[in-house]
Amino acid sequence: MAEEQNREKKYIPPGMVGTYMRRIGESDPFVREIQDEPSALRLYMDTCTKCGICAQECPVYYGQPDKRMHPVERSRQVIRLYKKYTTFWGRFWSTIFDTPDFEDDDAELFGERMYECLTCRRCAAFCPVGIDHSVVSRVGRSLVDLMGLTPPALAQGTKNSFETGNLEGASTEAFLDAIGFIQEELKEETGVDIPIPLDKEGAEVFFLPPSGDVLVYAENLMGMAKVFYAAGIDWTMSSRAYDGSNFGFTTGNNFSMKYENKHYVNACETLGAKVMVMGECGHAYRVMKFMASEGRWWGELSFEITSGFEYTAELIREGRLTLDPSKNAEAVTYHDSCQFAAGCGIVDEPREILKAACADFREMPEGGYTQWCCGGGGGLSALRSVREFRMHISGKKKAEQMRETDAKIVSTSCLQCRTQLKEIARYHKMPLKITGVHELVNNAIVI
Amino acid sequence: MELFTYFVLYQLPYVAIPFYMVMLGVRIWVWLRFYNPALKLLLGARGSVFQIWRRQYRPTIHLFPGRPRTKRLEWVRFVKGFLFFTGLWKRDKVLWVGSWLLHFGLALYVLGHARLILPLGLQIDHVLMFVITVGCWLMTVSGVYLLFRRVLVQRVREITDFRDYLSDLILLAFSFTALMVALDGGVSGDEAVAYLIGFFTFSQVGVDAGAWWVWHMLALQALLLVMPFSHLLHFGGIFLSRQFLGTSDSFAGEFGEKIPSKSQ
């Protein structure tokens, strides 16, 4: 009974879906720059030939080939709402026939379905018409977010970002403690004082890792600190903005996406850095480089934006780093994260780094621009509630590929992928170690 | 003149053609307006339409945006994809066979119609008639093939609805009636010109081109009426979606440099 009442609360008041849908499509001054999504949706709904190629290439449909997991069917859920409330014929027919907003009249189910898309863009890479279903799913997620039905873990992360500036909700003291600890580790490991400068005004480089690389996977930050030290770069981090991630992009919340981005743009400008180097988070880098910067959300920026991969690869090319591949003697393979590969076109740089830092680098089957998603994309790896889905359905293909590779270490470029791959390896009992790219640089770099 | 023939040749076209033009115009306007919001401000904007178009910020959903690529490479990929559907060939050969042959047949059908309006001589007329016949055969056979694929392949069948079957059947009717007209000897250039003059001058000129031609005209007009609301509209949107993605890679089925399966 209590469950029924609870479920009832999640239904949307009559008429509200239309209000929300129009709000997404309206030219709200704050989100005007990102209005391309409903517009793309409009083009997509007119041109899809329903040829089924997207399903053939979709990791989720591969894991469970039925109608519910079909990208076109998922997009149809959003498009019917879009048509109903924003097109003439949609409004006309809905006044004659009183159709429910959601199939089965269940908003919660709609929310679940929007989070069954990994937003990996593999469909866009192979669709003969060029349809990107991740864009449609994101519009659906915007709607889910406006209805307050975003999965709690993601909603909490977004809330934490607002309140503390990082997804984990860690305090500045905790951050400073972690930095102190990492510096001690660096000293202990190398015998050299490798500083992690904080709030250093006028430094050339502002480094922005995802907070997970400070608080959980510190080896990545250690690797990056060694890279800066070895190449003699004047760099800094910020004690106010130390989380280069973006859950607003994932949840479809445009306000949050822009707020999180503004946070570290302000920090970089305040510190007067010339280059913003971003860590191993594909979502944040894509939003910063290809949306905020190119879309001029904050006008002309006074600094360049690059990723840690491009930065380190360039230093290796220039001969400013010495790496000893024998320190990573085991066979290593690389999993391309969707956002870095399909979203940012960063494919070669991580490979250049790994080939320089590892003695035995091997390609993952079908790696590169059109890689298969790990199954935790689009924020799913943060959701314990869909673990079975991630292990058996969305992650099925990646599990098969991981089994197929004869490498001992799987390196990846994104925190979300890392979490998912770790779980896959553990769940399917594969003796594999999952690392970040700069974690292997951390092992191999000669100081 | 029979009522049916009169309706198909002299009544319906005055509805179907303007309807098609207006609806297609609306669709293209909507796509472009969303793609380039400045178009909404044209009346109050300074500079030429082209300049306004150029300086507008484009959508941010580009695929593989960081990749260096030359304009030449982009064009080569676009032309390859456009002419040979190479992207489709690499992913789904079963679909490619039907899809490419259908479009190739349609191109032959359109090309052959030059015989109706240009004085090309008897010999070339025969060649073009043959071209049309081949085109119609290709369209009809591949149309049936694609319809079967739609019914037989699960991932296609489960997302196909009534409107998709309707537009496919109308396209098939168009191809089949075109084939029948072609096998029947076709329509002569004189008859076609007389009909067109009659159409544009609102005078009814009797054309004795056989029953299949009337059915073909009906199918053509049904196609025009249905097209703006069906997946057949991809013929226009496919080019704009390339702009959205900012690459012709998927068109050509080539995604940057080939990564060897096991490299050191």
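User: Before we start, what does buried area mean here, and how much do chain A and chain B bury between them?

Analyst: Buried area is the accessible area, taken with a 1.4 Å probe, that two parts lose on being put together, summed over both. In this predicted model, carbon and sulfur atoms account for 57% of the area buried between chain A and chain B. The whole of that buried area is about 4,700 Å².

User: Which three residues of chain A supply more of the area it buries against chain B than any other three?

Analyst: The contact draws 64 residues from chain A and 52 residues from chain B. Three residues of chain A together supply 15% of the area that this chain buries against chain B, and they are A:Leu43, A:Lys50 and A:Tyr369.

User: Which residue of chain B does A:Lys50 meet in a salt bridge?

Analyst: Across the interface of chain A and chain B, 4 salt bridges are found. The rule asks for a side-chain nitrogen of Lys or Arg within 4 Å of a carboxyl oxygen of Asp or Glu. The side chain of A:Lys50 satisfies this with an N to O distance of 2.9 Å, and its partner is B:Asp164.

User: Which element gives the most residues to the side of chain A that touches chain B?

Analyst: Several elements give two or more residues to this side, among them helix H6 (71-86), helix H17 (282-293) and strand E6 of chain A. By class, the side has 28 nonpolar, 14 polar and 22 charged residues. The element that gives the most, with 8 residues, is H3(A).

User: Turning to the sheets, why is one side of strand E6 and of strand E8 in chain A left without a neighbour in the sheet?

Analyst: The open sheet that holds these strands has 4 strands in the order E6-E5-E7-E8 of chain A, with parallel pairing. Strand E6 (360-363) and strand E8 (433-436) of chain A therefore each have one side without a neighbour in the sheet, because each has a single partner strand and stands at an edge.

User: Which residue is the bridge partner of A:Tyr334 in E6(A)?

Analyst: Strand E5 (residues 331-335) of chain A runs parallel to E6(A), and 4 bridges join the two. In E6(A), the bridge partner of A:Tyr334 is A:Glu363.

User: At about what angle does helix H14 of chain A run to E1(A)?

Analyst: Another open sheet of chain A has 4 strands in the order E2-E1-E3-E4, again with parallel pairing. Helix H14 (residues 218-231) of chain A lies across E1, E2 and E3 of that chain, and its angle to E1(A) is about 170 degrees.

Terms used. Residues are numbered from 1 along each chain as its sequence is written. Chains are lettered from A and ligands numbered from 1 in the order in which they are written. This is a predicted model: local features need pLDDT of at least 70, side-chain atom pairs count only at pLDDT 80 or more; totals for chains, interfaces and linings use all residues. Side-chain values use heavy atoms; hydrogens and water are left out. Two strands pair if DSSP finds at least two bridges between them. Contact means heavy atoms within 4.5 Å. Axes are lines fitted to C-alpha atoms, for helices over the stretch in contact, and angles run from 0 to 180 degrees between N-to-C directions. Ala, Val, Leu, Ile, Met, Phe, Trp, Tyr, Cys and Pro count as nonpolar, Asp, Glu, Lys and Arg as charged, and the others, Gly among them, as polar.
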